[in-house]
Amino acid sequence: MAAHTSQSVAKAAGEDDLARGRSRRTGSRTEGSSGRNRPGLGQVISKHWYAWAMVAPVVLVLGVIIGWPLVRGIYLSLTDANERNVARTIGVNEIPATYEFVGLDNYTAVLADPVFLQRLVWTVTWTVACVSVTFTLGLVLANMLNRSFRGRSFYRMALILPWAVPGFVSVFAWRFLFNRDNGILNKVLEGGGIAAVPWLDDPTWAKLSVITVNVWLGVPFMMVALLGGLQSIPGELYEAAEMDGASAWQRFRHITLPGLRTVSMTVILLSTIWTFNMFPVIFLLTRGGPGDATEILVTQAFREAFVESPRDFAGSATWGVLILALLMIFALVYKRSLRKQGEVW
Amino acid sequence: MAGSVRKRGERGPLASIGLHGTLVVASVVAVFPVLWVLLTSLKPAKDAISTDFVKDPTFDNYRYLVEETSFFTWFGNSVMVAAVTTVLGVFIAATTGYAVSRFRFPGMRPLMWTLLVTQMFPMAILIVPLYNLMGQLGLLNQPVGLIITYLTIAVPFCAWMMKGFFDTIPVEIDESGRVDGLNPFGTFWRLILPLAKPGLAVTAFYSFITAWGEVAYASAFMVGDENLTLAGGLQTFVTQYTANWGPMTAASVLIAIPAAAFFLFAQRHLVAGMTAGATKG
């Protein structure tokens, strides 16, 4: 990754407008020594207006639809807003909001509650289990599909299928399979003389079930991304290694894995974030149950605002902010550890 | 090396069996849940829970959907929302990706960071304020409201992928366009975009799937039978006919078909597109 960008920068270093990012930082010293000052505002605008115009739609949409609600969400987490005291309309009467600013009370309440630790432990377990299993399976399957043999494109189509089906449909399909009395899984087990498994009704089984479904949903993305990565590793490397007598495992360990580093880092980061916030699987499959066994942080936040009565908007926002904070810390640590290993993005 | 000498890359029979065996098992696991729903939808509703693979095949469940529910209205709403999201999403992601890939401008690094960070936002923190905002803008129950929301989900990831993709297209092509007198927009539109077709196919697929399969916002923002999209429509259905698996499975099949069709169209490009996108991040 780093090599690529610096290469293209080097290629385009002479170009006036193109690809100046890193060349600016590295080249600024020489520019400075030649006595050129910081460009004026007009110059900056005339130079960059193309780029700004092209990113403007994204900035606008993100700003309005994510920026504002985020600020408001953070504000709500500092109040005692709930269903009873927010502004609302009953019939013709408009009732103004009466909730008050309470500072960090919500945070101390949530963090002091043992429920938070319980949810956090399960959420982390769920994320680590899902991401590691998904990654391993994706890697194995991608390696298999990267060879040439008959029926390869058929297998590939079949294996990507779970990605092509909308999530809520797949989750519905799995509920159907997991059904305790009538689901096919239990019918098959019964046929084999094994007692029915309470897939979604027993805390431990429910945890395994939601992880299974999420892995099933996540493998295709992982596989396709890693397959792409595998195809970008030059075949000559393998030939050379084979000439030198490297075993299959050695080739995998010393060529494939390093070659997949950049792809892996991106997909692991993304899929960790996605899994951490994976609302639909848990909510549609178990609603966080049985009891609260499979409740992750996100479904907890949703429950506070939309399921429990009275709806606790402030509490929900507090959980939301805590989730965001945890993920940002994770991303920063992840990025720092990558940088230590010489990767930059 | 006893016996016959194998060519490089050739497998022994044992390895071949292992390879195909593993792939067959994996494929069955991947396909079975979907296939089972398809088969169930073709059984008479009263036999939905039978374990026979095929039993008195019939289209009754589908006929029921079409005749007794507003399925086609929901379907039309979903198609409209997903199609507009896809077109706008691809266009916005492409311009952003191009700008980030080719120009170095003040605010670029924060923008890249923002695109990543938006992936981290739990929808739980946004949904209440967003609901209020949509209410103030008069966009509740309007497809436009949903489209804008979906764009915020799809575009950041797509822009990232497009950036990676544009990074693989040599800068010399831009330069030659500029020399020939095209402005940056012209270069982008006429030269680079046609070269980025695989990337566009992947982002289109991603945007479509996002908009087609989203549940939480769709059910929160849209009310009233004639405004619902499929995700919301199906939910009214569940509460009405709780134990009625038959029509549910038929609806699932009809919902999965457009997504799968789109996927077939895009899948040729999927691996190539992901390579560029994912490797360069």
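This report walks through the confidence, the helix packing and the chain contact of a predicted model.

**How confident is the predictor in chain A?**

Let's begin with chain A, whose mean pLDDT is 77, with 86% of its residues at 70 or more. Where in chain A is confidence lowest, and where is it highest? The low end is helix H1 (residues 2-12) of chain A, with a mean of 37, while H5(A) holds the high end at 91. Residues 1-36 of chain A stay under 50 in pLDDT, and the model gives this stretch 37 contacts beyond four places in sequence.

**Two helix pairs in chain A**

Two packed helices are described by the angle between their axes and the distance between the axes. Here are two pairs from chain A.

| Helix pair | Angle between axes | Distance between axes |
|---|---|---|
| H5(A) (residues 114-145) and H9(A) (residues 203-231) | about 45° | 7 Å |
| H4(A) (residues 105-112) and H15(A) (residues 313-340) | roughly 70° | within 10 Å |

With an angle of about 45°, H5(A) and H9(A) are therefore oblique to each other. The crossing of H5(A) past H9(A) is right-handed. Their contact draws on 18 nonpolar and five polar residues, with no charged ones.

For the second pair, the axes cross at roughly 70°, which makes H4(A) roughly perpendicular to H15(A). On the H4(A) side, the residues that take part are Asn106(A), Tyr107(A) and Val110(A), and they meet Ala314(A), Gly315(A), Thr318(A), Trp319(A) and Leu322(A) of H15(A). By class, this contact of H4(A) with H15(A) counts five nonpolar and three polar residues, and again no charged ones.

**Chain B**

Turning to chain B, you will find 12 helices and zero strands, so to speak an unbroken run of α elements from the N terminus on. Of the 281 residues in chain B, 48% are buried. Among its contacts between residues at least 6 apart in sequence, 79% join residues at least 24 apart.

**Where the chains meet**

How many residues does each chain bring to the contact? Chain B brings 75 residues and chain A brings 88. On the side of chain B that touches chain A, the elements giving two or more residues include helix H1 (13-41), helix H3 (71-102), helix H6 (143-167) and helix H12 (245-280) of chain B. H12(B) gives the most to this side, with 16 residues. By class, the side of chain B that touches chain A has 52 nonpolar, 16 polar and seven charged residues.

Methods. Residues are numbered from 1 along each chain as its sequence is written. Chains are lettered from A and ligands numbered from 1 in the order in which they are written. This is a predicted model: local features need pLDDT of at least 70, side-chain atom pairs count only at pLDDT 80 or more; totals for chains, interfaces and linings use all residues. Helices (H or I, at least four residues) and strands (E, at least two) are DSSP runs, numbered from the N terminus. A residue is buried if 20 or more other C-beta atoms lie within 10 Å of its own, exposed if 12 or fewer, and partly exposed in between; C-beta atoms are placed from the backbone. Two residues are in contact if their C-beta atoms, placed from the backbone, lie within 7 Å. Axes are lines fitted to C-alpha atoms, for helices over the stretch in contact, and angles run from 0 to 180 degrees between N-to-C directions. Angles under 35 degrees count as roughly parallel, over 145 as roughly antiparallel, 65 to 115 as roughly perpendicular and the rest as oblique. A crossing is left-handed if the near helix is turned anticlockwise from the far one by less than a right angle, and right-handed if clockwise. Ala, Val, Leu, Ile, Met, Phe, Trp, Tyr, Cys and Pro count as nonpolar, Asp, Glu, Lys and Arg as charged, and the others, Gly among them, as polar. pLDDT is the predictor's confidence in each residue, from 0 to 100.
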